[in-house]
Amino acid sequence: MPQAGGDERLEDNNIELTVVVPTYNEAENIGALIDRLIEILDREGPQTYEVLVVDDNSPDGTCLIVREKAMEYPGKVRCLLRRRGRGLATAIMRGIYWARGRYVVVMDADFQHPPEIVPKLYWKAVSTGADIVVASRYRPGGGVEGWSRMRKLMSKTANLIARILVPNTRKVTDPMSGFFLVRKDIVNLSDLRPRGYKILMEIIAKAYSARIEEVAYTFRNRAGGKSKLGLKTIVDFLLHALSLSPLVKFSLVGLLGALINLGVMSGVLMTGAPLDVASILGIETGLLFNFFLHEAWTFQTKMKGGWKSRLIGYHLASSGGMITNYLVMKGLTLAGIATALTGQAAGIIAGFGVNYALSQSKVWGVDVIERIKAGEIRKTGRTDKEMH
Ligand SMILES: Nc1nc2c(ncn2[C@@H]2O[C@H](COP(=O)(O)OP(=O)(O)OP(=O)(O)O)[C@@H](O)[C@H]2O)c(=O)[nH]1
Ligand SMILES: [Mg+2]
């Protein structure tokens, strides 16, 4: 998708806020929502704003209602009609692309996201300098209204899965929120590959150096119309979280590294070299291979400075994994719980866990990557502060 700027939108690109509302069959809600948004934003919002509805050609005529409202509130309301393609995440991306505002708020049309929170998100961003402000159900003062126990449990589980799989989401209490503000220029639309509903999770996963704040809110019952939520949403969420997860990439790289380790070892053995030499060469080649792939792919640092200290760190993390592997095997076999082989297998799993945990938190931790992306860690590996 093309990036913002450099076209006809530039001339009136200097408004403060765009509220993007994706819709599919929201004729029952959209008119009232626009009235309410205009009333609140005129009173409490920034001087310049617009409401941009992105409608996927709803058969119930949602976009026609929006166009009537556009005449009622000139310059403040637009409907972007997508005749081809459907899907919430891509509709939101379209909305962000066409937004003229410096800040963009994304919200649902069905009043589950209270319009009164919109100015709060905006003023929070302005007063704190945040790049992203999440409207959170899980902050003190927030909550959900009318959810069954099952839906609460599903939401909490999804939250936990995101936290485990996508470390950057740990910065917020509600990474799955559909209600949030972003500063338009921090979203790199061509970098997003969203699947299903949870575009915020991906924006947070990829915006390493973004400053994030939250505002509590209560998620309300749908005012009218029907839900588009289904089983597919859950499957999409899981696949999306996996695709953003360094854990999955770390495992794949680890497997490849093991194959390289074995390949190099057998090659060296064929030259008549002693087993110890062949084994150590195999281990080190596998490690180096893993390291460079983790740099470029798993954690996407793109080798931006400080990599030598990360290389040493990765050797330590891997050694921690190997020691754990050995200790677990030894412990299980001595205790008579496992055979040599099953003990070693359990050791490999435990060792992998330790290696991943150390690599992810210490070598390529969220804060480390944040500092690399912000250009704070230079080629020497020292930070700007240390150099001054
Ligand atoms: N443009 C567009 N909007 C969509 C699409 N699917 C859902 N939406 C809109 O996205 C918002 C959220 O969808 P909902 O069906 O309310 O999903 P939900 O809030 O998770 O589910 P409920 O709690 O049951 O309402 C609403 O404004 C929908 O109209 C789509 O395919 N295209
Ligand atoms: Mg809804």
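These notebook entries record what I looked up in a predicted model.

**Entry: metal site**
I began with the magnesium ion, ligand 2, and asked which residues coordinate it. The donors I found are OD of Asp110 and OE1 of Gln112, at 1.9 to 2.0 Å. I then looked up the accessibility of these residues and noted that both Asp110 and Gln112 are buried. Water is not among the atoms, so the site may look incomplete.

**Entry: disulfide**
I next searched the whole structure for disulfides and recorded 1. The bond joins Cys63 to Cys79, with an S to S distance of 2.1 Å. About the S-S bond I read -130°, which makes the link of Cys63 and Cys79 left-handed. Cys63 belongs to helix α2 (residues 62-72) and Cys79 to strand β3 (residues 77-81), so the pair ties together parts that are 16 residues apart in sequence. I also checked whether the two cysteines are buried or exposed. Both Cys63 and Cys79 proved to be buried.

**Entry: strand β4**
I then turned to strand β4, residues 101-106, and noted that 5 of its 6 residues are buried, leaving the strand mostly covered. For its pairing, I recorded 5 bridges to strand β1 (residues 15-23), in the parallel sense. Within that pairing, Val20 has Val106 of β4 as its bridge partner. I also found β4 joined to strand β7 (residues 180-183) by 4 bridges, and here the strands run antiparallel. In β7, the residue opposite Val106 is Phe180. Val106 thus appears in my notes with Val20 and with Phe180.

Note on methods
Residues numbered from 1 in each chain as written. Chains lettered and ligands numbered in written order. Predicted model: local features only at pLDDT ≥ 70, side-chain atom pairs only at ≥ 80, totals over all residues. Heavy atoms only, no water. Donors = N, O, S within 2.8 Å, 3.2 Å for Na, K, Ca; no water. Buried < 20%, exposed > 50% of the residue type's maximum accessible area, 1.4 Å probe, protein only. Disulfide = S-S within 2.5 Å. Helix = DSSP H or I, 4+ residues; strand = E, 2+ residues; numbered from the N terminus. Pairing = 2+ DSSP bridges.
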